[in-house]
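The following exercises concern empty space and charged side chains in a protein. Please study the sequence and the structure before reading the solutions.

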Amino acid sequence: MTPPRDRPAKPYGFRPRPRTQQPPGPTAREGRDHVVLYGWHPVSQALTNAGRHFHRLLATENALARLNEAGVALPIEPEIVRPSAIDKLLGPDAVHQGLYAEAEPLAAPELDAMPDDALLLALDQITDPHNVGAIVRTAAAFGVTAIVTTARHSPNATGVLAKSASGGLEHVPLVIVRNLAEALITLGERGFTRIGLDSDAGTSLDAVGPRRPAVLVLGAEGKGLRQRTTECCDLLVRIDATGAIRSLNVSNAAAITLYALTRPASPTD
């Protein structure tokens, strides 16, 4: 008979740790074919966009009632969940307002498809999704035709960016290019005025009136426009700030510049 093996003594008070299983529930799927949208404006605007194709929609009872009251037709059957279920997907700090969706990315138009009277934005390696989302929201407010950005060194149109855009992604398409300088050269050959925003520029924004077609070029905070990007601009303009702080967040600078480029000409201009 084989003697029993000696087992190490367990410390006093030892209790085996129970194996816990996560309760079944929704899991996030985000990737090349799935973008995440959450919050009232991003999701409700996306639901009214015929170009959006949804994989799933999670909604609380209150959020679903709000959609019904707003007359938003649902292209997909929603999953009715508690707010905590969406919290688990996004984290406790995300303000989802009871709405969460996973959808396919919107189709990116080609640069050649831009109309001859277009007003475009070009983003030169702006990587903060909060800033890019705010810029998209501002672009939608000022009727920007499209935003030109690169496949690299730019955030994906999902999650925080979509939330910050507050539904703007459904109204301002993103034109994805391989090389920003080459895209600016192409636009210049088509007659676009390429206006770069630079705090050290010799020309004030006040001296530049509304014009079409045009592309406003914005650089990343801190680094600004890259040298090659600057060389592809027809004009470099600055915003004249009069207060103690002279530098602006790039999304705020975009809003001020777009206002200047789109305001109707006054009788005294």
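The exercises below refer to this predicted model.

**Exercise 1. The cavity**

Determine how many cavities of 30 Å³ or more the model contains, and state which residues line the largest cavity.

Solution.

Step 1. Rolling a probe the size of a water molecule over the atoms reveals where empty space remains.

Step 2. The count is 1 cavity of 30 Å³ or more. The volume of the largest cavity is about 50 Å³.

Step 3. The lining of the largest cavity consists of Leu123, Ile126, Val132, Ile147, Thr149, Ser154, Pro155, Leu161 and Leu174.

Step 4. Sorted by type, the lining residues of the largest cavity comprise 7 nonpolar and 2 polar residues, with no charged ones. Thr149 and Ser154 count as polar, because neither Thr nor Ser is in the nonpolar or the charged group.

**Exercise 2. A salt bridge between two loops**

Identify where Arg190 and Asp116 lie in the chain, and decide whether each is buried, partly exposed or exposed.

Solution.

Step 1. Side chains of opposite charge can pair when their charged atoms come close. The structure holds 9 salt bridges.

Step 2. One of these salt bridges joins the side chains of Arg190 and Asp116, with an N to O distance of 2.8 Å.

Step 3. Arg190 lies in the loop between helix H6 (180-189) and strand E8 (193-197), while Asp116 lies in the loop between strand E4 (99-103) and strand E5 (119-124). The two residues are 74 residues apart, and the pair links distant parts of the chain.

Step 4. Exposed means over 50% relative accessible area, and buried means under 20%. Arg190 has 28% and is therefore partly exposed, whereas Asp116 has 59% and is therefore exposed.

**Exercise 3. Two further pairs and a network**

Compare the accessibility of the partners in the pairs Glu182 with Arg178 and Arg194 with Asp234.

Solution.

Step 1. In the salt bridge of Glu182 with Arg178, the closest N and O atoms are 3.3 Å apart. Glu182, at 43% relative accessible area, is partly exposed; Arg178, at 70%, is exposed.

Step 2. Arg194 and Asp234 also form a salt bridge, their closest N and O atoms being 2.8 Å apart. This pair links distant parts of the chain, 40 residues apart: Arg194 is in strand E8, and Asp234 is in the loop between helix H7 (227-231) and strand E11 (235-238).

Step 3. Arg194 has a relative accessible area of 14% and is therefore buried. Asp234, at 42%, is partly exposed.

Step 4. Finally, Arg56, Glu79 and Glu102 belong to one network, joined by salt bridges that share partners.

Terms used. Residues are numbered from 1 along each chain as its sequence is written. This is a predicted model: local features need pLDDT of at least 70, side-chain atom pairs count only at pLDDT 80 or more; totals for chains, interfaces and linings use all residues. Side-chain values use heavy atoms; hydrogens and water are left out. On a 1 Å grid over the protein atoms alone, a cavity is a set of points where a 1.4 Å probe fits but cannot get out, and a pocket is an open set with protein on both sides within 12 Å along at least five of seven lines; lining residues have an atom within 4 Å of a point. Grid points are joined across faces, edges and corners, and a volume is the space filled by probe spheres set on the points. A salt bridge is a side-chain nitrogen of Lys or Arg within 4 Å of a carboxyl oxygen of Asp or Glu. Helices (H or I, at least four residues) and strands (E, at least two) are DSSP runs, numbered from the N terminus. Buried means under 20% relative accessible area, exposed over 50%, partly exposed in between (1.4 Å probe, protein chains only).
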